[in-house]
Amino acid sequence: MSFRFSERVPKNDSDPVGDILKVAGSPDVISFAGGLPAPELFPIEALKKVTNEVFDESGREALQYSSAIGYPALREQIAQRMNKQGIKATADNIMITTGSQQSIDITAKMFVNPGDTVIVEKPTYLCALDVFRSYGAHIVGVEMDEDGMRMDQLEKAVAANPNTKFIYTIPNFQNPTGRTMSAERREQMIGIANKYDIMVMEDDPYGAIRFAGDDIEPVKFYDNEERVIYLSTFSKILAPGLRLGWIVMNKDLMPKYSVMKQSADVHSDNLTQHIVAKFMAEYNIDEHVNKIRKVYRKRENVMMAAIEKYFPAGVNYSHPQGGLFIWVEVPGDVDTIKLFNTCIKHNVAFVPGEPFYPDKVTPGTFRLNYSNMSEEQIQTGIERLGSAIKETIDQNQTTRVAQH
C-alpha cells in the first residue's frame, strides 16, 4: 500500500546526524560528537531515595493523570530559581514540558504558519532547525561573532522579513559554537523585537553551567513588554533521561500553551515531576550544579590545552566560559564530511558543522563536546584529531597542486 505522508515528513529517510552518531558510538572511537552530560555526575542515590519517598508519601497522586501545565510544587520551585536569575516570574508564568525539545516544538506550532519567517543564529541548534522546517518556516540565519548574534545583521534581517514571527536565540554557551551573547546585545535584541513587534524564543539549557567569567542576565531580564518566551531544562543540571523542561511566558499565553500541551501528550510525566520536586526540596541543586561546573571546567581546560598543542596553525576555535561545546573552523575550504571519515580512521569523532546551518554552510566547521569524556580520553582524542586535520589539509594542498 502507499503511505500519504503530510508535508511535515521528510521526503527521504536519510539521517546524516544519526549515521554519524552510530559510527561515533563504536567502542574503539573516542567520541566528542554527542551533547551528552557526564553520567558519573547523575545524583543516582539521591534520586533513588526521593523516588521511594514519593511512592510512600504521594504514590497515588504521582501515578494519576495531572494538569497540562505541570505539578504546582515544581512550578513554584522553578519560579524561585527564575527570580534568582533576574526573571520575574511566579508559578502562573511557568509550564512544565517534556524537555526543551517539546518547548521548542509547541512554541513553533503555536506561532508559525507555512511561509512565516523565523530568524536564528548562524549556526544554531540542529534539532530546532528541524522543528521550524517541519512547520514550513522560512528560516533566516544571522551571522555571529565572539559576542553572539550580530545586532546590525539582525535588524537588517527583521526589516527584510516583515512576516517574522520570532527570533530564536541560545544566548549562553551557544550550541554549537559555545559563544555567549554580550549583555549589550541582549538589550539591543529586545529593542529590535519591540521596534518590529516580534517575539523572542530564548533557549537556555546551558546557562547554569558557567565555569568562567561573570554571569549575564537572561535576554528576558531586559524584556519590558513580556515578548520573550524563555525555555530551560533539567537535562544539563540533573539528568537528560528525566525529560523535564519548562517554559516561562506571559501568563496571558498560558491557556493557549495548555491546550497545545494537552494535544501533544496530555501532560509531562507526573511521577518524574514529583521526584524532581522532592529532590529540589531536600537537596541543594546549586551544590550539585557546582560539582558539574568543576568537572566541566577541568575537561574544557584539558581540551583547550590539547587543541593548542596538537591542532595545526591557522585552525580557529571558540573559547567557551561554560556549557558543553567548542566550535572549530579549519581553513582552506576543507570538506568536513571527508575530514570526519579521516577522523574515524584515527578512532576519533565530532559532529560536522553542516546540519547546524539554516542556509549556506561554512566548510571546515565542526563541534566538539568536552563534558562526556575523561581527561585522558580528551588528551588522546584531540591528539588523534590534530593528526587527522593535518592529514586532510595536506591532502587538500596536494590536490590543489595536482589540479594546477
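**View 1. Arg150 and Asp152 pair in a salt bridge.** In this predicted model, the closest N and O atoms of Arg150 and Asp152 are 2.8 Å apart. Arg150 has a relative accessible area of 29%, so Arg150 is partly exposed. Asp152, with 40%, is partly exposed too. Side chains of opposite charge can pair when their charged atoms come close. By the rule used here, the count comes to 22 salt bridges.

**View 2. Lys49 and Glu53 form a salt bridge within helix α2.** Their closest N and O atoms are 2.7 Å apart. Helix α2 covers residues 44-62. The two residues sit four residues apart in α2, about one turn of the helix. Is Glu53 buried or exposed? Glu53 counts as buried because its relative accessibility is 17%, under the 20% cut-off. Lys49 is at 37%, so Lys49 counts as partly exposed. Both residues belong to a network of salt bridges that also links Glu57, Lys278 and Glu282.

**View 3. Asp130 and Arg133 form a salt bridge within helix α5.** The closest N and O atoms of this pair are 3.9 Å apart. Helix α5 runs over residues 126-134. Asp130 and Arg133 are three residues apart there, about one turn of the helix. Asp130 counts as partly exposed because its relative accessibility is 44%. Arg133, at 40%, also counts as partly exposed.

**View 4. Domain 1 meets domain 2.** The domain assignment gives domain 1 as 16-42 + 287-398 and domain 2 as 44-282. Domain 1 brings 30 residues to the contact, and domain 2 brings 32. The C-alpha centres of the two domains lie 26 Å apart. About 2700 Å² is buried between them, and carbon and sulfur atoms give 64% of that area.

**View 5. Salt bridges and polar contacts cross the domain interface.** The rule finds two salt bridges between domain 1 and domain 2. Elsewhere in the count of polar contacts, 13 residue pairs join the two domains. On the side of domain 1 that touches domain 2, α10 (285-310) and β11 (325-329) each give two or more residues. Helix α10 gives the most, with seven residues. By class, this side of domain 1 has 16 nonpolar, seven polar and seven charged residues.

**View 6. Helix α11 spans residues 336-345.** Which residues of α11 are buried? They are Thr336, Leu339, Phe340, Thr342, Cys343 and Ile344. At the start of α11, a side-chain oxygen of Asp335 comes within 3.0 Å of the backbone nitrogen of Ile337. Just after the helix, Asn347 has a positive phi of about 60 degrees.

Notes
Residues are numbered from 1 along each chain as its sequence is written. This is a predicted model: local features need pLDDT of at least 70, side-chain atom pairs count only at pLDDT 80 or more; totals for chains, interfaces and linings use all residues. Side-chain values use heavy atoms; hydrogens and water are left out. Domain bounds come from an automatic or database domain assignment. Contact means heavy atoms within 4.5 Å. Buried area is the accessible area (1.4 Å probe) that two parts lose on being put together, summed over both. A salt bridge is a side-chain nitrogen of Lys or Arg within 4 Å of a carboxyl oxygen of Asp or Glu. A polar contact is a pair of N or O atoms within 3.5 Å; within protein, one must be able to donate a hydrogen and the other to accept it, and residues adjacent in sequence count only if both atoms are side-chain atoms. Ala, Val, Leu, Ile, Met, Phe, Trp, Tyr, Cys and Pro count as nonpolar, Asp, Glu, Lys and Arg as charged, and the others, Gly among them, as polar. Buried means under 20% relative accessible area, exposed over 50%, partly exposed in between (1.4 Å probe, protein chains only).
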